[in-house]
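I set out to record what I looked up in this chain, entry by entry. The notes begin with the overall layout and then turn to individual sites.

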Amino acid sequence: MRRRSTASWDESDARSRPPRRGTRPRTKDRPAHDDAVTGWVLTIDRGRYTCLVPAPPHTAGSTGDRQPGSVEVVAMRARALRPGDVAVGDRVGLVGDTSGATDSLARLVRVEERTSTLRRSADDADPVERVVVANADQLCLVVAAADPEPNPRLVDRALVAAWDAGVDPLLVVTKTDLADPAPVVDAYAALGVSVLGVSKVDWRGLDGVRSALAGRTTALVGPSGVGKSTLVNELSPGAYRAVSDVSGTTGKGRHTSTSAVLLPLRTGGWAVDTPGIRSFGLAHVEPDRLLRAFPDLAPGTDECPRGCSHDEAECGLDDWVGEGNSTPARLESFRRLLGALRAAADTW
Ligand SMILES: Nc1nc2c(ncn2[C@@H]2O[C@H](COP(=O)(O)OP(=O)(O)OP(=O)(O)O)[C@@H](O)[C@H]2O)c(=O)[nH]1
Ligand SMILES: [Zn+2]
């Protein structure tokens, strides 16, 4: 029996058309695509999905890495899937020509259940929150010590998105040559978030970033100009993400890629550069889910009135902290993040 999860899509689930009269049902393709090979969506560009199909287990270690024998297969979406159904990082089923040969085109027929989803916020251009990265296990927020100054509200929102998605947050402070990162480090210490500093001037701190990313699938996000591309180019040579001041040569401003791209790291693991995220979509996040990131506070809400906002006089958390079960700094952080969650989505 083929394992199937209810959360994965399949052409057979959807209003698939009956076979045209006179044509035999394509038993090979329907109903279940048992012959589909599994790929991993590396990037999406104008309806084309570039997927990594790892080498079969007998040829290599099958870690899903870009090992000898693995191929990049370009696929189009089966009709039963909508554009928003597939995101970078998704594990997908591919049928048809999965050789990866030049100009070959496979068909993407299925999306496997995700272990995590990171959504960008709705905005004027697109009123729907969309998944930009699937299956990441770490979210690396990149902010600069200066130029531009970090925006704490946006960092808070990104942390909420990470915890809600069940993804570990990591904060990387770039441009430590321009300013002391200590204020940022201190601001997030109470939240227990790891914070690493790095500077491109001498690449001090790079080893720390490398080992924090090694062997994991990390989504990199941050405001424009903080040095994400500079960092990614150092971590993933050959990736050549355009660096702002170099790419302005077209006269049309800087290069902006619209899709996230999975990039292999020298240390093993993958980084996902996500140029599209200007803010995280948090509309789906229930405030109480934030408590999962605060296990020291969570039991304190047992004494809260029903429907407590956790920011009102009767909230049980004040007594809980007063009794020494957690610290005022933790409670303050929790309330600050609740505020970030309730606030309208601002963008960077
Ligand atoms: N002083 C200093 N400048 C840096 C550092 N890292 C990057 N920069 C500069 O900051 C500018 C922006 O760098 P990018 O790597 O393009 O920044 P980005 O975050 O990718 O920006 P977008 O492409 O707009 O998303 C460039 O001029 C870099 O050379 C650093 O550690 N120190
Ligand atoms: Zn409460």
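**Entry 1. Domains.** I began with the domain assignment, which divides the chain into domain 1 (9-111), domain 2 (117-273) and domain 3 (287-342). I note at the outset that the model is predicted. I then looked up the boundary between domains 2 and 3, where 9 residues of domain 2 are in contact with 11 residues of domain 3. On the domain 2 side of that boundary I found 5 nonpolar residues, 4 charged residues and no polar ones.

**Entry 2. Overall composition.** I recorded 7 helices and 14 strands for the chain. The chain has 348 residues, and 40% of them count as buried. I also looked up how far along the sequence the contacts reach. Among contacts in the chain with a separation of 6 or more, 64% join residues that are 24 or more positions apart.

**Entry 3. The largest nonpolar core.** Which residues touch the most other members of the largest nonpolar core? I found that they are Cys51, Val88 and Val272, in a core of 88 residues. The element that gives the most to this core is helix H1 (residues 152-165), with 9 residues. I followed up Cys51 and listed its contacts beyond four places in sequence: Gly39, Trp40, Val41, Leu42, Val73, Ala75, Val92 and Leu94.

**Entry 4. Helix H1.** I checked the length of H1 next. Its 14 residues should span 20 Å at 1.5 Å a residue, and the end C-alpha atoms are 20 Å apart, so the two figures agree. Is H1 mostly covered or mostly open? I found H1 mostly covered, with 12 of its 14 residues buried. The buried set includes the charged residues Asp156, Arg157 and Asp164, and also Trp163. I then looked up the packing partners of the buried residues of H1. They pack against four strands, namely E7 (117-120), E9 (138-144), E10 (168-174) and E12 (217-221), and against helix H7 (328-342). After H1 comes Gly166, which has a positive phi near 75°.

**Entry 5. The loop before H1.** I examined Asp147 and Pro148, which are joined by a cis peptide bond with omega about 0°. Pro148 lies in the loop between E9 and H1, and Asp147 is found in that loop as well. Phi of Asp147 is positive, near 55°, and the residue is not a glycine. Is Asp147 buried or exposed? I recorded Asp147 as exposed, because 12 other C-beta atoms lie within 10 Å and a residue with 12 or fewer is classed that way.

**Entry 6. Leu231.** I located Leu231 in helix H4 (residues 228-235). Leu231 is buried, with 24 other C-beta atoms within 10 Å. Beyond its neighbours within four places in sequence, Leu231 is in contact with Val142, Thr174 and Val198. I also looked up its separation from Val167, which is 64 residues away along the chain: the two C-alpha atoms are 21 Å apart.

**Entry 7. The annotated binding site.** I consulted the UniProt record, an unreviewed entry, which places the feature "binding site" at Cys304, Cys308, His310 and Cys315. Cys304 is in the loop between strand E14 (270-273) and helix H6 (317-322). Cys315 is found in the loop between E14 and H6, and His310 is likewise placed between these two elements.

I then compared burial at these positions. Cys304 is partly exposed, with 17 other C-beta atoms within 10 Å. Cys315 is also partly exposed, with 19 such atoms. Why does His310 count as buried? His310 has 20 C-beta neighbours inside 10 Å, and the class of buried residues begins at 20, so His310 falls within it.

Finally, I looked up contacts among the annotated residues, setting aside neighbours up to four places away in sequence. Cys304 is in contact with His310, Cys315 and Gly316. Cys315 touches Cys304, Cys308 and His310. I closed the entry with the backbone of His310, whose phi is near 60°, a positive value in a residue that is not glycine.

Key. Residues numbered from 1 in each chain as written. Chains lettered and ligands numbered in written order. Predicted model: local features only at pLDDT ≥ 70, side-chain atom pairs only at ≥ 80, totals over all residues. UniProt positions renumbered as here; feature names shortened; annotations may be inferred. Contact = placed C-beta atoms within 7 Å. Domains from an automatic or database assignment. Core = buried A, V, L, I, M, F, W, Y, C linked by C-beta atoms within 7 Å. Expected span 1.5 Å × (residues − 1).
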